[in-house]
Amino acid sequence: MDNIILYLLTIIQQQYKTICRLLNLICRYLPHKQWAFDDSRSPEYKKYSIDRLPRIGSPKQDWDWNDLLAYYKKRYGKELMPVRRRSHCDIPETSTCPRCGAPLPYLYKNNGSKGLLLCKVCDNHFAPDNSRHHKTFTLRCSGHQAIRR
């Protein structure tokens, strides 16, 4: 039994030495730039490249509409005025912005009669009767820099 283990260990050592010699030979005779993925920019290999995964963040804020109005006044030196309506507003009275909680005077229809509202305080798009436009998460660019040629 000991002879078999000793025999297998000597074979493994010989294989290791052979692999080291081959790697040394490859590294010596291939230029370093070519060895470092030079072909990865060619159009043939582009279809095999994988984009970075997007960062996932929550759009939920820690502040409400009163805090945002105070910040706007401090930054610009004037108050953010409510929406001036020219005609009767058919937005439900109970509608508030799901992101900052702004009441009806700061909401207006963004796309006419299609039902999408826009909050003037936090610039959030949403539908008052349906949560289809309210996102629970956002995908953000991971800062991938373009390759210069």
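**Loops, Sheet and Core**

Reader: In which loop is Asp123 found?
Author: Helices and strands are DSSP runs numbered from the N terminus (helices H or I, at least four residues; strands E, at least two). By this assignment, Asp123 is found in the loop between strand 3 and strand 4.

Reader: What kind of model is this, and which atoms do the side-chain values use?
Author: This is a predicted model, in which local features need pLDDT (the predictor's confidence in each residue, from 0 to 100) of at least 70 and side-chain atom pairs count only at pLDDT 80 or more, while totals for chains, interfaces and linings use all residues. Residues are numbered from 1 along each chain as its sequence is written, and side-chain values, with hydrogens and water left out, use heavy atoms.

Reader: Where is confidence highest in the protein, and what is the mean there?
Author: The mean pLDDT of the protein is 76, and 66% of its residues reach 70 or more. Over residues 144-149 the pLDDT is below 50; where pLDDT is low, the predicted coordinates should not be read in detail. Helix 2 (residues 32-35) has the lowest confidence, at a mean of 54, whereas the highest is found in helix 4, at 89.

Reader: In what order do the elements of the protein run from the N terminus?
Author: The secondary structure comes to four helices and five strands. From the N terminus on, these elements run α-α-α-β-α-β-β-β-β.

Reader: What is the phi of Asp123, and is this residue buried or exposed?
Author: Most residues other than glycine have a negative phi. Asp123, a residue other than glycine, has a positive phi near 55 degrees. Buried means under 20% relative accessible area, exposed over 50%, and partly exposed in between (1.4 Å probe, protein chains only). At 54% relative accessibility, Asp123 therefore counts as exposed.

Reader: Is Asn124 buried or exposed?
Author: Asn124 lies in the loop between strand 3 (117-119) and strand 4 (125-126). Apart from residues up to four places away in sequence, Asn124 touches Cys97, Pro98, Arg99, Leu117, Leu118 and Cys119, where contact means heavy atoms within 4.5 Å. With a relative accessibility of 9%, Asn124 counts as buried.

Reader: Which strands stand at the edges of the open sheet?
Author: Two strands pair if DSSP finds at least two bridges between them. The open sheet has three strands in the order 2-3-4, with antiparallel pairing. One side of each edge strand is left without a neighbour in the sheet, because each has a single partner strand; the edge strands are strand 2 (107-109) and strand 4.

Reader: Which residue of strand 4 stands opposite Leu117?
Author: Strand 3 and strand 4 are antiparallel and pair over two bridges. In strand 4, the residue opposite Leu117 is Phe126.

Reader: Which residues have the most contacts inside the largest nonpolar core?
Author: A nonpolar core is a set of buried Ala, Val, Leu, Ile, Met, Phe, Trp, Tyr and Cys residues joined through side-chain atoms within 4.5 Å. The largest such core has 15 residues, and those with the most contacts inside it are Cys97, Cys100, Ala102, Cys119, Val121, Cys122 and Phe126.

Reader: Which residues does Cys100 contact beyond its neighbours within four places in sequence?
Author: Cys100 is among the residues with the most contacts inside the largest nonpolar core. Beyond its neighbours within four places in sequence, its contacts are Trp63, Asp64, Trp65, Leu68, Cys119, Val121 and Cys122.

Reader: How many residues apart in sequence are the parts tied together by Asp90 and Lys109?
Author: A salt bridge is a side-chain nitrogen of Lys or Arg within 4 Å of a carboxyl oxygen of Asp or Glu. The side chains of Asp90 and Lys109 form one at 2.9 Å, N to O. Asp90 lies in the loop between helix 4 and strand 2 and Lys109 in strand 2, so the distance in sequence between the parts they tie together is 19 residues.

Reader: Which residue meets Lys73 in a salt bridge, and at what distance?
Author: A search of the whole structure finds two salt bridges. Lys73 is partly exposed, with a relative accessible area of 44%. In its salt bridge, the side chain of Lys73 meets that of Glu79, N to O, at 3.5 Å.

Reader: What is the relative accessible area of Ser95?
Author: Ser95 is placed in the loop between helix 4 and strand 2. Its contacts, leaving aside neighbours within four places in sequence, are Ala102, Pro103, Leu104, Leu107 and Pro128. Ser95 is buried, and its relative accessible area is 6%.
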